[in-house]
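Good morning, and thank you for coming. I should like to take you through one structure this morning, with the sequence and the model on the screen.

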Amino acid sequence: MTALLEVENLRVAYGKIEAVKGISFSVEAGQVVTLIGTNGAGKTTTLRTLSGLLKPIGGRIVFDGKQLSRMPPHKIVSLGLAHSPEGRHIFPRLTIEQNLQLGAYLRKDSAGIAKDIARAYELFPILGERRRQAAGTLSGGEQQMLAMGRALMCQPKLLMLDEPSMGLSPIMMQKIMATIVELKSQGTTILLVEQNAQAALSLADQAHVMEVGSIKISGTGQDLLHDEGVRKTYLGED
Amino acid sequence: MHTLPQQLANGLILGSMYGLIAIGYTMVYGIVQLINFAHGEIYMTGAFGALTVYTNLPDGMSIWAALPLMLAGGAVVSMLIAVGAERLAYRPLRHAPRLAPLITAIGLSLALQQAVFLWYPNATSGKTFPQLPGGPFHIGSVDIQSGDIFLVVAAVVCMAALAAFVRTSRTGRAMQATAQDPDTAQLMGIDTNRIIVIAFAIGGFFAAVAGLASGLKYGQIKYDIGFQAGLKAFTAAVLGGIGNIYGAMLGGLVLGIAESCASAYISNIPGMDKLGGGSWNTVWAFVLLIVVLLVRPQGLLGERVADRA
């Protein structure tokens with residue numbers, strides 16, 4: 001069986017500076033795969049390239065049997081690759097419900113859309129309570145819930161989450177991580193980028209450590225959680 | 001002639017014209033943060049498009065039959081030029097430093113003016129615009145020409161249609177999303193290039209309506225009418241809060257009323273008798289802009305830049 005997402009020797013540059021220097025990894029359907037690493041390692045750049053916001057200078061991206069590297073973002077979304085971006089990027093002056101509807105922009109089945117909006121409110125009850133409120137009025141954690149709910153609205157085959165726990169209180173972070181576990185148990189395929197390595201590794205099937213544009217270590221989440229080098233550098237142990 | 005109701009009416013008429021043109025500045029700015037300084041020329045070419053259709057219509061055709069054809073002609077010309085400018089001149093520069101598209105816009109503005117000047121010298125080769133029949137109408141102490149009524153009604157109808165489109169249609173929602181966060185809009189599956197083209201096309205259509213209305217109001221049009229009208233409409237867009245479509249219309253109306261009242265009343269103020277009259281219009285328009293921007297840098301209905309993040 002071929003993987004849902006296959007990344008081969010991907011290279012991305014900003015001008016002359018290469019931010020991603022030839023990385024390869026794959027995501028199988030049903031898996032949670034995580035990319036961890038410090039700031040500037042190239043994780044976000046990788047996700048932005050997968051969703052088409054950045055153009056690679058080399059390598060191949062094959063998603064669900066199709067080449068992505070030259071496709072515009074809206075075409076990539078239509079193939080079932082959803083991206084919840086770093087910093088959440090909800091539409092602040094639209095209501096919560098309008099944000100969710102935008103997540104389903106490419107869908108035509110209004111009954112199905114209504115059902116999925118109801119499901120998002122079930123997953124995140126606070127969003128349902130505030131559905132008519134401008135999204136900009138939500139707290140950081142609530143905005144993260146909205147960004148995840150919105151990404152799920154396109155019924156993705158693969159959900160990419162970029163730093164979902166960034167800037168959140170420990171309680172809110174736990175909630176978000178619990179939601180990812182729940183999505184995983186429902187069979188959602190997830191590519192997760194996180195700085196909170198402990199949390200990401202403990203729920204990942206497959207994990208890759210990125211350093212300055214390259215993948216340094218790969219393994220299962222449990223392997224890396226117990227890897228001495230990883231523990232020292234990323235889990236803050238001596 | 002110099003009663004206050006008359007001045008307010010004149011201001012509303014002038015302001016409707018500014019507002020129609022200002023929509024084009026504000027929609028394009030709201031979505032791509034570009035000041036399309038060639039937009040005044042899009043208004044001008046719309047007027048010439050309408051006039052060209054009119055000069056080729058058979059003699060004796062009723063004005064009411066001619067009007068829709070003239071509007072269609074003007075709209076086709078304005079929209080094609082607006083969309084063509086986006087596609088050929090601005091899109092290749094989308095990620096260039098801000099100064100590049102700005103200078104391109106100024107160059108495009110000059111090129112369009114000169115092209116019309118050479119092709120249609122001083123607008124004297126054909127007929128002038130027709131006069132709408134009826135009028136002047138007397139409402140109390142206010143005199144209004146039928147061309148003015150056309151202008152105000154057209155502005156109200158266009159504005160209401162645009163507001164409904166942006167608020168209720170799927171494409172309108174995609175426009176709001178693109179204006180607030182273009183990258184994320186793409187992640188929703190929105191083809192933002194298409195949205196940008198639509199914004200330029202709507203601006204072009206509104207400019208063509210203003211061009212037709214201005215021809216009907218003044219009879220004569222010239223190749224250089226876009227410069228001053230464009231400058232005033234841009235002022236209106238900034239005054240109302242650039243990026244906000246209601247602000248563009250409001251800014252237009254405020255500017256129009258301020259101009260007509262200033263030219264009528266400023267000279268009555270002791271010691272300022274030389275500062276009134278029509279030739280000072282533009283001065284007072286910009287004084288108003290400066291004063292408003294000192295108090296509200298984001299314009300009347302604009303949102304603070306921080307809200308965009």
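I shall begin with the sheets of chain A, go on to the helices of chain B, and end with the contact of the two chains.

Please bear in mind that this is a predicted model, in which local features need pLDDT of at least 70 and side-chain atom pairs count only at pLDDT 80 or more, while totals for chains, interfaces and linings use all residues. Residues are numbered from 1 along each chain as its sequence is written, and chains are lettered from A and ligands numbered from 1 in the order in which they are written.

A word on terms: helices (H or I, at least four residues) and strands (E, at least two) are DSSP runs, numbered from the N terminus. Two strands pair if DSSP finds at least two bridges between them.

Let us start with the six-stranded sheet. In chain A, an open sheet with mixed pairing has the strand order β6-β7-β8-β3-β9-β10. Its edge strands are β6 (81-84) and β10 (214-220) of chain A, each of which pairs on one side only. Direction ignored, neighbouring strands are turned by 15° against each other on average. Angles here run from 0 to 180 degrees between N-to-C directions, and axes are lines fitted to C-alpha atoms, for helices over the stretch in contact.

Within this sheet, β7 (residues 158-162) and β8 (residues 190-194) of chain A are parallel partners, joined over four bridges. Here A:Asp162 stands opposite A:Val193 in β8(A). Two helices pack on the sheet. Helix α1 (residues 43-50) of chain A touches β3 (32-36), β6, β7, β8 and β9 (206-211) of chain A, and its direction makes about 145° with that of β7(A). Helix α6 (residues 140-152) of chain A touches β6 and β7 of chain A, and its direction makes about 170° with that of β6(A). Touching, or being in contact, is taken to mean that the C-beta atoms of two residues, placed from the backbone, lie within 7 Å.

Further along the sheet, β9(A) and β10(A) are antiparallel and share six bridges. A:Glu211 has A:Ser214 of β10(A) opposite it. Two residues lie between the strands of this hairpin, and A:Val212 takes a positive phi near 30° there.

Now the second sheet of chain A. Four strands form an open sheet in the order β2-β1-β4-β5, with antiparallel pairing, and β2 and β5 (66-67) of chain A are the edge strands. Strands β1 (residues 5-14) and β2 (residues 17-27) of chain A are joined by eight bridges, with A:Arg11 opposite A:Lys21 in β2(A). Their hairpin has two residues between the strands, and A:Gly15 takes a positive phi near 60°. Helix α1(A) also lies across β1, β2 and β4 of chain A, running at about 70° to β2(A).

We turn to chain B. How do α3 (residues 63-90) and α8 (residues 192-218) of chain B pack? Their axes are 7 Å apart, at an angle of about 140°. The crossing of α3(B) and α8(B) is right-handed, the near helix being turned clockwise from the far one by less than a right angle (anticlockwise would be left-handed). The residues in this contact are 16 nonpolar, five polar and one charged. In these classes, Ala, Val, Leu, Ile, Met, Phe, Trp, Tyr, Cys and Pro count as nonpolar, Asp, Glu, Lys and Arg as charged, and the others, Gly among them, as polar.

Helix α3(B) also meets α4 (residues 99-119) of chain B, where the axes come within 11 Å and cross at roughly 130°. The two helices are therefore oblique to each other; angles under 35 degrees count as roughly parallel, over 145 as roughly antiparallel, 65 to 115 as roughly perpendicular and the rest as oblique. In this contact B:Ala85, B:Ala89 and B:Tyr90 of α3(B) meet B:Pro101, B:Thr104 and B:Leu108 of α4(B).

Finally, the two chains together. In all, 15 residues of chain B are in contact with 19 residues of chain A. On the chain B side, α6 (170-180) and α7 (182-187) of chain B each give two or more residues, and α6(B) provides the largest share, five residues. By class, that side has five nonpolar, five polar and five charged residues.
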